[in-house]
Amino acid sequence: MIPFHRPFISIDALSMMEEALTSPQLAGNGLFMRQCEAYFEERYDLRKCYLTNSCTTALEMAALLLDVGPGDEVIIPSYTFVSSANPFVLRGATVVFADSETATPNIDLNHVETLITEKTKAILVMHYGGIACDMDRVMALADQHGIFVVEDAAHSQGAFWKDQVLGGIGHLGTYSFHATKNTTCGQGGLLMVNDPRFIERAEIIMEKGTNRSEFLKGTVDRYEWMDVGSSPYPSEITAAFLWAQLQYAEEVQSELLKRWNYYFEAFSGVSGVQLPSISEHTRHNAHTFFLKLSNQEQRDRIIEELKAHQISASFHYLALHRSPFMLKKNQVSLRNAEEWEDQIVRLPLYYDLPQEDQDTVISLIKNTLN
Ligand SMILES: *Cc1c(COP(=O)(O)O)cnc(C)c1O
């Protein structure tokens, strides 16, 4: 049996969590949480990071900070996880779906340009598999039209566009530490506040709408309700788990990259498969290895064939513009997003996947293609 994914678990995880359990602070915003935030701020030169319960929560905080609401439009890729859309829909904004590129599942910026209107308040980009969108072009478009950029960098911890980490380029960015991501603490996320104009309000929104963070600094003698807000922090137990995991994040990534490159080479020049396209300014993090087949039947046949050998491979997102929830309001057709939905297959990939298992996967696929 070859599973699709196996999370790496640090040998220090239990002892770190034990330390959290015996510390005076169990609730969020304690020492472990601040250590994790500092890890990202220092390592990736990020202005302000907040640990959250999930990437979904971090995106909800981004939507609150952007103050989007009824009448506002937010352009998002159709080919993404539902959590890229829900935070804006929850605020009453309208999501406008953009198509994917043909070379990658990432948002097609030519299409985005045609979708920008007076009502557009923000663009959300999602870097599929840690492969960067052209962030120079995204930021130029946003500047030109006075709109904000949110990076759903759920896949992208440790991946770069030029010399800047993904999630750290748009006005706001988010990571996920869900069990399926490169670094996990079970469930967790990060909000990156890159534009300093959002920091003052973020301090309040993240503290349930109060000025508790000023109170903790001693600048006020009580804390009060100042604005809307939520309770997005994880407990210190989760933060301690993440802290233990982060100590090995780079090693895990390098193991993933080796295995990603092994697949890439094995499928180079094989007819009937489209390999991931990595542009020159991109340093990806091997979050997922995927192929695009020439049609859905072929893709499904590969998944079935692997399954018959107890190997778990997977399709991916169901394009949001044709989801049951959106079909009622939205009747567009987005050819590339639909193709990615129908034709992508993701192969087993995790930090200690044995090479013999990769060879088995590779030869089964090559045989099926012939
Ligand atoms: C995993 C994922 C999310 C959600 O992450 P959670 O931490 O589970 O909330 C959001 N967007 C994308 C693109 C994802 O892959």
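This passage describes the overall fold dimensions and the ligand site of a predicted model.

The protein chain contains 14 helices and 13 strands. Its radius of gyration is 21 Å, close to the 21 Å that the globule rule gives for 370 residues, so the chain is as compact as a globular protein of that length. Along the principal axes, the C-alpha atoms of the protein chain fill a box of roughly 75 × 55 × 35 Å.

The ligand occupies the space of the largest pocket. Around the ligand are 16 residues, and the closest are Cys55, Thr56, Asp152, Ser176 and Lys181. By residue class, this shell comprises 5 nonpolar, 9 polar and 2 charged residues.

Polar contacts to the ligand involve both backbone and side-chain atoms of the protein. At Cys55, a polar backbone atom lies 2.8 Å from an oxygen atom of the ligand. At Asp152, an N or O atom of the side chain is 2.8 Å from a nitrogen atom of the ligand. The side chain of His155 likewise places an N or O atom 2.8 Å from an oxygen atom of the ligand. The ligand taken alone exposes 380 Å², and 93% of that area is buried by the protein.

Key
Residues are numbered from 1 along each chain as its sequence is written. This is a predicted model: local features need pLDDT of at least 70, side-chain atom pairs count only at pLDDT 80 or more; totals for chains, interfaces and linings use all residues. Side-chain values use heavy atoms; hydrogens and water are left out. A residue is near a molecule or strand if one of its heavy atoms lies within 4 Å of it. A polar contact is a pair of N or O atoms within 3.5 Å; within protein, one must be able to donate a hydrogen and the other to accept it, and residues adjacent in sequence count only if both atoms are side-chain atoms. Accessible areas come from the Shrake-Rupley method with a 1.4 Å probe; for residues, only the protein chains shown count as cover. On a 1 Å grid over the protein atoms alone, a cavity is a set of points where a 1.4 Å probe fits but cannot get out, and a pocket is an open set with protein on both sides within 12 Å along at least five of seven lines; lining residues have an atom within 4 Å of a point. A molecule sits in a cavity or pocket if more than half of its atoms lie within 2 Å of its grid points. Ala, Val, Leu, Ile, Met, Phe, Trp, Tyr, Cys and Pro count as nonpolar, Asp, Glu, Lys and Arg as charged, and the others, Gly among them, as polar. Helices (H or I, at least four residues) and strands (E, at least two) are DSSP runs, numbered from the N terminus. The radius of gyration is taken over C-alpha atoms; the globule rule is 2.2 Å times the number of residues to the power 0.38.
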